[in-house]
Protein chains: 2
Amino acid sequence: MESRCENCIIRQFNSLRAMSKEELKKVSDSKITKVIKKGEPLFEEGDKLNGVYCVRNGVSKLSKLSANGKDQIVKLATKGEVLGQRSVISQESTNLSAVAVDDMEVCFIPKESINNTLQKNPNFTLEVLRHMAHDLKEADDVIVNISQKTVKQRMAEAFLYLKNNFGEDEDGFLALTLSREDISNVVGTATESAIRIISEFKKKGLIHASGKKIGIKDERKLLEVVEGF
Amino acid sequence: MESRCENCIIRQFNSLRAMSKEELKKVSDSKITKVIKKGEPLFEEGDKLNGVYCVRNGVSKLSKLSANGKDQIVKLATKGEVLGQRSVISQESTNLSAVAVDDMEVCFIPKESINNTLQKNPNFTLEVLRHMAHDLKEADDVIVNISQKTVKQRMAEAFLYLKNNFGEDEDGFLALTLSREDISNVVGTATESAIRIISEFKKKGLIHASGKKIGIKDERKLLEVVEGF
DNA sequence: ACAAATTACTGATAAATATCATATTTTTAA
DNA sequence: TTAAAAATATGATATTTATCAGTAATTTGT
């Protein structure tokens with residue numbers, strides 16, 4: 001495992017690349033590398049975060065619990081993404097829970113290093129800002145999708161999203177395997193409805209499945225479903 | 001009308017307050033004050049923005065058109081808010097349209113002033129970042145609301161939101177008057193459904209209405225509806 | 001002030017989706 | 001390994017919401 005932030009490849013993918021040598025050294029000296037097992041939380045809704053988590057490996061679901069007890073997954077974060085930024089920046093407790101979907105390896109970076117750099121290095125702040133602008137745009141898209149598309153359309157979209165963002169394994173299955181419940185929480189529907197649509201997609205030859213694993217069989221048709229045909 | 005940014009009260013409400021005297025002077029010299037009539041657009045989805053709009057008066061709806069031709073209103077922006085920031089920051093064309101809901105008065109600030117300050121003044125960048133962090137948190141809340149609450153719950157929530165954010169006039173009506181269609185686009189439902197629920201709320205004494213104007217009659221009961229009772 | 005256009009409203013019905021019940025399969029832990 | 005637990009699957013049904021059709025009220029432009 002690479003232990004010096006200066007040499008960490010992951011850094012290339014996120015805002016940390018805008019840090020100066022000295023800043024990076026401080027981060028490196030104060031960071032703590034952690035292994036999070038599948039199903040374990042990085043943090044929970046309402047926690048006050050004392051730092052951010054830089055994902056080195058694995059995938060985390062960011063979700064928010066609703067009054068009726070269902071989780072809505074707002075984002076799936078993978079290698080190179082930094083979690084908890086918003087909470088640290090706004091100095092509020094976090095509004096999302098982060099739970100490992102895979103076994104994960106993350107670096108915890110205390111907020112002091114972050115805040116210090118935010119105040120002194122405009123390039124870094126601007127990098128973070130650009131990232132957040134992007135996240136906000138994505139969030140707006142999710143809002144429009146959820147409110148204007150049918151569950152079936154969103155299910156099809158979710159599978160394409162999973163392929164595009166997490167890829168496929170050698171057998172043609174989606175590299176990120178989610179439980180049916182997680183899928184339903186991404187899409188924002190009842191688990192039974194998600195399962196029903198998976199069955200339908202299987203019958204129609206849009207996807208194939210083996211246990212939890214799901215593979216995309218006919219991307220074109222899946223895209224047609226998204227478009228509403 | 002106040003013509004010098006340095007003296008503009010609106011500035012107190014937004015990130016511009018973190019600008020230095022000189023930066024503010026530049027902004028002031030390059031800004032253009034515009035009057036936008038109710039129903040007119042500030043900008044449209046897909047436009048490349050050459051600057052941001054600082055709202056001095058009136059309200060703008062930020063919306064995104066979906067494939068089926070319905071608008072989803074993602075945010076209602078009022079006095080003190082700055083529109084188009086995200087687009088300018090990420091140097092992409094905007095993903096939202098901004099249309100005046102009221103008669104508006106806005107200052108257009110060319111992107112050069114903004115970008116320049118973003119690169120040189122960490123305090124300003126941090127201010128903008130904090131704002132965006134807040135917007136992102138709100139967007140996450142909207143996602144959870146839309147996917148987990150019923151239309152009726154969201155309608156009740158919308159009225160409370162309108163009261164809390166835009167206040168009431170002397171006769172006890174919501175200060176911001178929206179068309180039924182706009183309300184349905186905020187809530188993310190069919191216009192007829194929104195109208196039906198308004199009728200129901202009227203019958204049950206939760207709200208009262210006179211033409212377009214809607215007033216909150218029983219806030220407690222409205223809150224109960226939001227909570228699902 | 002008035003005709004035209006838009007917006008608001010209501011009912012009937014269809015479609016989408018959630019919920020409940022229960023069976024089957026898969027995973028987990030002793 | 002096996003019993004228990006959890007996840008997946010499917011049918012029946014209820015509920016929610018959208019759509020279509022049509023009328024009434026309001027707003028707009030001349």
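## Exercises: a protein pair, its DNA strand and a pocket

Sorted by class, the surface near DNA strand D holds three nonpolar, five polar and eight charged residues. Keep in mind that this is a predicted model. Let's work through it.

**Exercise 1.** Find out how many residues surround DNA strand D, and which are the closest.

*Solution.*
- Step 1: Look around the strand, and you'll find 16 residues surrounding DNA strand D.
- Step 2: Pick out the closest, which are Arg180(A), Ser199(A), Thr189(B), Ser193(B) and Arg196(B).
- Step 3: Now check the DNA side. Of the atoms of DNA strand D that come within 4 Å of the protein, 51% belong to sugar and phosphate.

**Exercise 2.** Work out which parts of DNA strand D the side chains of Arg196(A), Lys212(A) and Thr189(B) approach, and which elements give residues to the surface there.

*Solution.*
- Step 1: Start with a base. An N or O atom in the side chain of Arg196(A) sits 3.0 Å from a base nitrogen of DNA strand D.
- Step 2: Move on to phosphate. Lys212(A) has a polar side-chain atom 3.0 Å from a phosphate oxygen of the strand, and for a polar side-chain atom of Thr189(B) the distance to a phosphate oxygen is 2.4 Å.
- Step 3: Zoom out to the elements. Two or more residues each come from helix H6 (180–187) and helix H7 (191–203) of chain A, and from helix H7 (191–203) of chain B.
- Step 4: Choose the top contributor: H7(A) gives the most, with five residues.

**Exercise 3.** Describe the second largest pocket: how much space does it hold, and what lines it?

*Solution.*
- Step 1: Take the volume, about 1200 Å³.
- Step 2: Go to the lining. It has 48 residues, and those nearest the pocket's centre are Val74(B), Lys75(B), Leu76(B), Glu138(B) and Tyr161(B).
- Step 3: See where the lining comes from. Elements giving two or more residues include helix H4 (122–148) of chain A, and strand E5 (71–77) and helix H5 (151–166) of chain B. H4(B) supplies the largest share, 11 residues.
- Step 4: Sort by class, and you get 20 nonpolar, 16 polar and 12 charged residues.

**Exercise 4.** Explain how chain A and chain B are related.

*Solution.*
- Step 1: Superpose them. A rotation of 180 degrees, with 0.0 Å of shift along its axis, puts chain A on chain B with an RMSD of 0.1 Å.
- Step 2: Draw the conclusion: the two copies are therefore related as by a two-fold rotation axis.
- Step 3: Locate the axis. In chain A, the residue that comes closest to the rotation axis is Pro122(A), with its C-alpha at 2.3 Å.
- Step 4: Compare the contacts. Both copies use the same surface, since 100% of the contact residues of chain A recur in chain B.

Terms used: Residues numbered from 1 in each chain as written. Chains lettered and ligands numbered in written order. Predicted model: local features only at pLDDT ≥ 70, side-chain atom pairs only at ≥ 80, totals over all residues. Heavy atoms only, no water. Near = heavy atom within 4 Å. Polar contact = N/O pair within 3.5 Å; in protein donor to acceptor, adjacent residues only side chain to side chain. Helix = DSSP H or I, 4+ residues; strand = E, 2+ residues; numbered from the N terminus. Nonpolar A, V, L, I, M, F, W, Y, C, P; charged D, E, K, R; others polar. 1 Å grid on protein atoms, 1.4 Å probe; cavity = no way out; pocket = protein on both sides within 12 Å on 5 of 7 lines; lining within 4 Å. Points joined across faces, edges and corners; volume = space filled by probe spheres on them. Least-squares fit on C-alpha atoms with pLDDT ≥ 70 in both. Contact = heavy atoms within 4.5 Å.
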